[in-house]
Amino acid sequence: MLQIALACVITVFARHGAYVPTAHLHGPGLLLDGAGLSGSPPSSILWLHRRITGEDTTRGGNVVVLRASYSDVYDRAFLRYGNFASVQTVLIPPCTTRVQVNTVARIVDKADAVYFAGGDQAHYVAWKGTALMEAIKRLYARGGVVGGGSAGLAIQGAVVFDSVAGDRLNA
């Protein structure tokens, strides 16, 4: 029982880089990255940086990577190719409670971009209607960038296949 409880805890990984507030965002923008970050050209990360800072060379912008599985595998790529001030991954396991998911909103409220990682899109369904999703909408409304690859892209459409509900019908 303890092992299951530990698996359902949100992990906020150490921030890579130093958080520096961004005075003016140059968005909003959407990064719809079908292959996922590992299969996409570095130019997609450069575009994201430009959309936040307005140019290529100055270090700036704070990215939060939201994951429902795995770890902080994208952080170093964002820093290397995008020249961001900081990148931080938050792992929200699918068994996490709604109350716990809502706590991540405070992290997103300080971000300039959110990137939904790939994996199983069904793991993101539980986030629907949470304070976290409202924070992502606020980020976009203030000129931030929302992006994602693979499953992280699939959940951003106007229509999302909810495989969780489909699985219940077949049970």
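Glu134 and Lys137 sit three residues apart in helix 6, so about one helical turn separates them. In this predicted model, the two side chains form a salt bridge, with the closest N and O atoms 3.3 Å apart. Glu134 has a relative accessible area of 37% and is partly exposed. Lys137 reaches 52% and is exposed. The cut-off for exposed is over 50%, so Lys137 falls in that class and Glu134 does not.

The count of salt bridges comes to two. The other pair joins Arg138 to Asp109, and here the closest N and O atoms are 2.9 Å apart. Arg138 belongs to helix 6, which spans residues 131-141. Asp109 lies in the loop between helix 5 (105-108) and strand 6 (113-116). The pair therefore ties together parts that are 29 residues apart in sequence. Both partners are partly exposed: Arg138 has 39% relative accessibility, and Asp109 has 34%. Helix 6 thus contributes Arg138 to one bridge, while Glu134 and Lys137 of the other bridge both lie in helix 6.

Aromatic contacts were examined next. The structure holds five aromatic pairs. In one of them, the ring centres of Phe78 and Phe84 are 5.9 Å apart and the planes meet at 70°, so the pair is edge-to-face. Phe78 is buried, at 0% relative accessible area. Phe84 is buried as well, and its value is also 0%. A further pair is made by Phe78 and Tyr115. Their ring centres are 5.5 Å apart and their planes lie at 70°, so this pair too is edge-to-face. An angle over 60 degrees is what the edge-to-face class requires. Phe78 lies in helix 3 and Tyr115 in strand 6, so the pair ties together parts that are 37 residues apart in sequence. Tyr115 counts as buried, with 1% relative accessibility. Phe78, Phe84 and Tyr115 form one aromatic cluster. Phe78 takes part in both of the pairs described here, one with Phe84 and one with Tyr115.

Strand 6 links the two parts of this account. Tyr115 of the aromatic cluster lies in strand 6, and the loop that holds Asp109 runs between helix 5 and strand 6.

Ser69 was considered separately. This residue is found in the loop between strand 4 (62-67) and helix 3 (75-82). Helix 3 is also the element that holds Phe78. Although Ser69 is in a loop, its relative accessibility is 18% and it counts as buried. The limit for buried is under 20%, so the value for Ser69 meets it. Leaving aside residues up to four places away in sequence, Ser69 touches Leu91, Gly118 and Gly119.

Totals for the chain complete the description. The protein chain has eight helices and seven strands. Of its 171 residues, 46% are buried. Among contacts with a separation of 6 or more, 79% are between residues 24 or more positions apart. The accessible surface comes to about 8700 Å². Carbon and sulfur atoms account for 59% of that surface.

Methods: Residues numbered from 1 in each chain as written. Predicted model: local features only at pLDDT ≥ 70, side-chain atom pairs only at ≥ 80, totals over all residues. Heavy atoms only, no water. Helix = DSSP H or I, 4+ residues; strand = E, 2+ residues; numbered from the N terminus. Buried < 20%, exposed > 50% of the residue type's maximum accessible area, 1.4 Å probe, protein only. Contact = heavy atoms within 4.5 Å. Areas by Shrake-Rupley, 256 points an atom, 1.4 Å probe, with all protein chains shown as cover. Salt bridge = Lys/Arg side-chain N within 4 Å of Asp/Glu carboxyl O. Phe/Tyr/Trp six-rings, centres within 6.5 Å; stacked < 30°, edge-to-face > 60°.
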